[in-house]
Amino acid sequence: MATRTKREKPAAAPESPRAQRFVYAPAPESADHVRRLERYDLFVDGKFRPASSGKRFATVNPATEETLAEVAEAGAKDVELAVQSARKAYEKTWSKLSGAERGRYLFRIARLIQEQSRELAILETQDGGKPIVESRDVDLPLVAAHFFYYAGWADKLEHAFPGRRVRSLGVAAQVIPWNFPLLMAAWKIAPALAAGNTVVLKPAETTPLTALHLARICQEAELPPGVVNVLPGAGETGAALVAHKDVNKVAFTGSTEVGKQIQRAIAGSSKRLTLELGGKAANILLEDAPLDQAIEGIVNGIYFNQGHVCCAGSRLLVHESILEEVQRRLERRVKTLRVGDPLDKNTDIGAINSKPQLEKIRALVQSGVDEGAVLHQPACELPRAGYWHPPAFFSGVTTSHRIAQEEIFGPVLAILSFRTEAEAIAKANNTTYGLSAGIWTRKGSKVFEMASKLRAGVVWANTYNRFDPASPFGGMKESGFGREGGLHGLAPYVEVLS
Ligand code: NAI
Ligand code: MG
């Protein structure tokens, strides 16, 4: 179907006067001061130690394919030790501290994160491939903000649940993905600790480094041993952790498939569960949408973080009267996005996190072409080594196309059109997911009317992908259940007694 594909050949010279005006000199962030180790161990009971099996796995930089470090791989025996240490810390120390004392540790961790944020941002970018401007200006400030925010709740739980008596649950097993490695660690650890629980965290196998640096920060903050344990490893480690009989609470962010496996694995037990799974968000442009802002919002919604975002605005629903105009503007804007070295401060789109993820994106893009949608993809030169995908969008998409139904988790947008608002709502809700959505209109009343009809946990209006620790986040339908962030984010970590 090559005739239906608007894939351009790389041009020898920049194609437009506009492109000629912006020639960027390389502006790499210096990584000299990063204290990256060659080998990382597990963090159990306040100490770093090798895996009981002695096994290690390599974590690579997806922008270069170079091995960054060898990381200890936790097995069943290490899971046992870590859960025991979390249990002991819970019984002997953490549950006995006052909220104010717990808060003090969390404030200390938050301040240390701020102090080390440059280093953590670089590590995040090296290990995961996201542009430094995102890890530095989006992820790290939010990570610190989450710890500050929940530190503030630790001694105010009676105000969080007015008139109710609550108590912590015990040991929380937390499994997180690779798209926001340190931010997901913060989302999980901060509320758990504030509410009085202890934690065993399993970072994703492609991005374990920042969680291990966070473990070091816990040591520096003199957090009592065992309150936070970090077990790097892959799916098997995660499965052993969530299945451990002495775990009281499981929190998972990742794919819907693994979320369902976890649900099955713990069915019938008394473990509490929250799941934050995939998404296929609709970003809806009504006839009167403010187009300049909307184009930036669309770009931020799908190309931000290579589209490795569960709430990415991966379906664009446009009123047919403005469809051509929106496509024209988007085509122009996408050409100006810069793909390349994630450590370069001018980079908009970094490396795809792993080879399997790149293959998944490519396969879905091919399905879009095969099913008859039109691919718009600017010519851009991609580095030789590493995993890359240019920003792309599809026009002529219908709701039955795979690219309109399946999570691509890459920088690829599917554009659909609608005639009436009822049709927009129907199309937006025509998915198994229900994590997020966006609405663009100048009319406030329309925002409220449409938001109430959208089956999505988060709805942004005239903006996209905005986060704040005080604001709850989570899904409906197959996007999971439970909320993280805000007051709501404390609830999954306490039991209401009366
Ligand atoms: P995944 O769901 O396999 O991985 C997420 C985490 O779960 C990792 O730490 C992994 O080691 C762990 N894990 C894997 N199997 C497990 C099991 N049986 N029990 C407990 N933990 C387990 O996600 P994957 O394979 O890396 O990505 C596949 C797709 O999932 C992506 O293409 C994307 O569509 C989606 N995804 C969604 C995310 C989100 O934020 N909602 C994050 C990552 C992926
Ligand atoms: Mg890596």
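## Strand β16 and its partners

Two strands are said to pair when DSSP finds at least two bridges between them. With that in hand, we can walk through this structure, which is a predicted model. A good place to start is strand β16, residues 392–395. On one side of the pairing story is β15 (residues 374–377), which runs antiparallel to β16 and is joined to it by three bridges. His376 has Phe393 of β16 as its bridge partner.

Phe393 also stands opposite Leu413 in β17. Strand β17 covers residues 412–418, and three bridges join β16 to it, this time with the strands running parallel. What about the side chains of β16: which ones point together? Ala392 and Phe394 point one way, while Phe393 and Ser395 point the other way. All four are buried. As a general pattern, side chains in a regular strand alternate between the two faces of the sheet.

## Strand β11, covered from end to end

Another strand worth a look is β11, which spans residues 249–253 and has five of its five residues buried. Lys249, Ala251 and Thr253 point one way from β11, and Val250 and Phe252 point the other way. You may like to note that Lys249 is among these buried residues.

Strand β11 has parallel pairings with β8 and with β12. Strand β8 (residues 171–175) is joined to β11 by four bridges, and the two run parallel; in this pairing, Gln174 has Ala251 as its bridge partner. Strand β12 (residues 272–276) pairs with β11 over five bridges, also in the parallel sense, and Lys249 is matched there with Arg272.

## A three-stranded sheet

Elsewhere, three strands make an open sheet in the order β2-β6-β5, with mixed pairing. Strands β2 (39–40) and β5 (56–61) are at the edges with a single partner strand each, so one side of each has no neighbour in the sheet. Strand β5 runs antiparallel to β6 (residues 66–72), and six bridges join the two. Within this pairing, Ala58 stands opposite Glu70 in β6.

## The nonpolar cores

In soluble globular proteins, nonpolar side chains tend to be buried together. Here the largest nonpolar core has 104 residues, and the ones with the most contacts inside it are Ile113, Phe147 and Leu285. Helix α7 (residues 181–194) gives the largest share of this core, 11 residues. The core also draws at least three residues from each of domain 1 and domain 2.

What does Phe147 touch, once neighbours within four places in sequence are set aside? Its contacts are Leu106, Ile109, Ala110, Ile113, Ala186, Ile189, Ala190 and Leu214. There is also a second, separate core of 31 residues, which includes Leu364, Val369, Ala414 and Leu416.

## Two helices up close

Helix α15 runs over residues 421–429, and its buried residues are Ala424, Ile425, Lys427, Ala428 and Asn429. Among the elements that cover them are β13 (282–285), β14 (315–319), β17 and α16 (444–453).

Helix α4 (residues 117–128) holds Ala121. The relative accessibility of Ala121 is 0%, so it counts as buried. Leaving out neighbours within four places in sequence, Ala121 is in contact with Ile132, Ser135, Arg136 and Leu140. Ala121 and Val34 are 87 residues apart in sequence, yet their C-alpha atoms are 9.7 Å apart in space.

## Two domains

The chain is divided into domain 1 (39–277 + 477–496) and domain 2 (279–461). Their C-alpha centres lie 30 Å apart. The contact between them takes 28 residues from domain 1 and 33 residues from domain 2.

## Around ligand 1

How many residues surround ligand 1, and which of them come nearest? There are 28 around it, and Trp178, Glu205, Ser255, Lys360 and Glu407 come nearest.

Some individual atom pairs are easy to find on screen. A polar side-chain atom of Lys360 lies 2.7 Å from an oxygen atom of the ligand. Backbone atoms take part as well: an N or O atom of Leu277 lies 2.9 Å from a nitrogen atom of ligand 1, and a backbone N or O atom of Gly254 lies 3.2 Å from a nitrogen atom of ligand 1.

Methods. Residues numbered from 1 in each chain as written. Chains lettered and ligands numbered in written order. Predicted model: local features only at pLDDT ≥ 70, side-chain atom pairs only at ≥ 80, totals over all residues. Heavy atoms only, no water. Core = buried A, V, L, I, M, F, W, Y, C linked by side-chain atoms within 4.5 Å. Buried < 20%, exposed > 50% of the residue type's maximum accessible area, 1.4 Å probe, protein only. Domains from an automatic or database assignment. Contact = heavy atoms within 4.5 Å. Near = heavy atom within 4 Å. Polar contact = N/O pair within 3.5 Å; in protein donor to acceptor, adjacent residues only side chain to side chain.
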